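Okay, everyone, thanks for coming. Let me put today's model on the screen, and then we'll walk through it.

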Amino acid sequence: MEGVRKQLSVGAIWTAGGRVVSNLLGVVSMLVLARLLTPVDFGLVTLATIVLSIVAAVTELSLSSALIQHKNPQREHYDTAWTLNALRASGIAIVLVIAGYPAAWIYHDDRLTSIFFALAGGALVGGLANPRLVDFRRRLSFHQEIFIDLINKVVGVVVAVAIALAFRSYWALVISTLASQVVGVVMSYVLLPYLPRISFAHWRNLFSFSGWAALSSGLNEINWRADQLALGDMLGAGPLGQYTVGDRLASLPVRESTAPISGVLFPAFARLQDDPERLRHAFLRSQSLLAAAALPMGVGFALVARPFIDMVLGPAWSSAALVAQVLGVVLATTAFKLPVTPLAMGLGCTRSLFQLDLTFIFIRLPLIFAGLLLGGLSGLLFARCISAAIGIMMYVFLARRLIGVSVRAQLLAGWRASVATLFMAGCVWSVGLMANNEPEGLQLTIMVLIGGISYCGASLVLWLVSGKPAGPEREALDLFQFVRRGVSAIYRERLADP
């Protein structure tokens, strides 16, 4: 247990560092592009990428997950995975080329045809990536993949900003995506040389794991993208662009703060699948850590979204601020269900995920469409709040069925983070009211500082009152002491060096 914990901690540190840099690059890119482009530009590209995401998810084979879950994959397993991925990519490209014309007709914009064609080429290239990259995750060694992700991000940002500055066109969003995909495929073979061969030797073996995961992934993507498709059809590309940017900004703090933890859960749970007691302990610990990361970041951003978007993006993006405020809170609460998917995959229970997602889609989609029809954008946001609450409970009950962890234990896993977040929200909201007439930059700075201080202070007090139990506070303290010892050692070496 201690060895796995150490590897997970190191992996989380590497992932966290990479995600911080990637996060900063992504924020800078989005803010610059939002200034240079229009909501309609974002809306057009979003429509095309939604279709790509749905087609990719529906045909998702989850072969990387199957290779991770496999106890001893051989070369023919990797060759089979590469062959199936290449065939899948070819199919996606063909579907996108065909779909370009009806999409342009449905949304009354011929520009969509060329965007679909470009994304088809990117999908074809992306399907040729090195399948052996999963070996890094199998060994809980994450820095190589982080390096590839950072290179992809840097290339994408540079290309996007350069094209946007030169042409002020939506092509900045499209071409930057293509450039990132090409660089990612090349780097996958540079870091881990491998010459794939065409093979179908183990397709049945891989599909036995990935089949249900693929269906679950497809349902999830349709479920989560349907609101954007419906919004674009009912209200147009402009409101869709507002909604998309607000959604991205709201999801960014939560996604980036939880990725270092959630990214290592699947291989960790797969390792512990034969030890139920340790698996239950690891699952509850992961819920506690994810709550401590997601709740303050999501709720905190929701509280400062209005002054932030007004200051950085300007009045043209006013509707995006409302979206970010509501969805920031909604996405923060999903921390309690985040570890359930990797848990089910680690146990090989992908059929259970499919059944849950199939049930949830019949609950969420009627709520989404009813919200849009009755209340437009505001109705859609209200529907997302209701569906998110239902979804969390469904996932929590699935975890109880899989490993016997009670619903109460799961919801209480992050109770200190929940209380500290509520205290932080009260402090930030009060300060925001008092600083309402101040310049937006000063108001934003004060609210962020108060939020950080109030959350950390409340978390520390609750942890001390609770008797210093194991949890995110202990993890943070251990990390601080580790860094302090490292800095002290370097300082002593410099003093001893003549």
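**Helix 5 and the core**

So, helix 5 first: its buried residues are Leu112, Thr113, Ile115, Phe116, Ala118, Leu119, Ala120, Gly122 and Ala123, with buried meaning under 20% relative accessible area with a 1.4 Å probe, protein chains only. Quick caveat: this is a predicted model, so local features need pLDDT of at least 70 and side-chain atom pairs pLDDT 80 or more, while totals for chains, interfaces and linings use all residues. Numbering runs from 1 along each chain as its sequence is written, and side-chain values use heavy atoms, without hydrogens or water.

What covers those buried residues? Among the elements doing that are helix 2 (39-58), helix 4 (75-106) and helix 8 (171-191). Helix 5 itself spans residues 111-126, 16 of them, and reaches 23 Å from first C-alpha to last, close to the 22 Å expected; that expectation is 1.5 Å times one less than the number of residues. Helices here are DSSP runs of H or I, at least four residues, and strands are E runs of at least two, numbered from the N terminus. The protein chain has 19 helices and zero strands.

Now the core. The largest nonpolar one has 108 residues, and Ile309 and Leu313 touch the most other members. A core here is a set of buried Ala, Val, Leu, Ile, Met, Phe, Trp, Tyr and Cys joined through side-chain atoms within 4.5 Å. Beyond four places in sequence, Leu313 is in contact (heavy atoms within 4.5 Å) with Leu31, Ala34, Arg35, Val245, Leu249 and Phe308.

Chain-wide, 51% of the 498 residues count as buried.

Conventions: Buried < 20%, exposed > 50% of the residue type's maximum accessible area, 1.4 Å probe, protein only.
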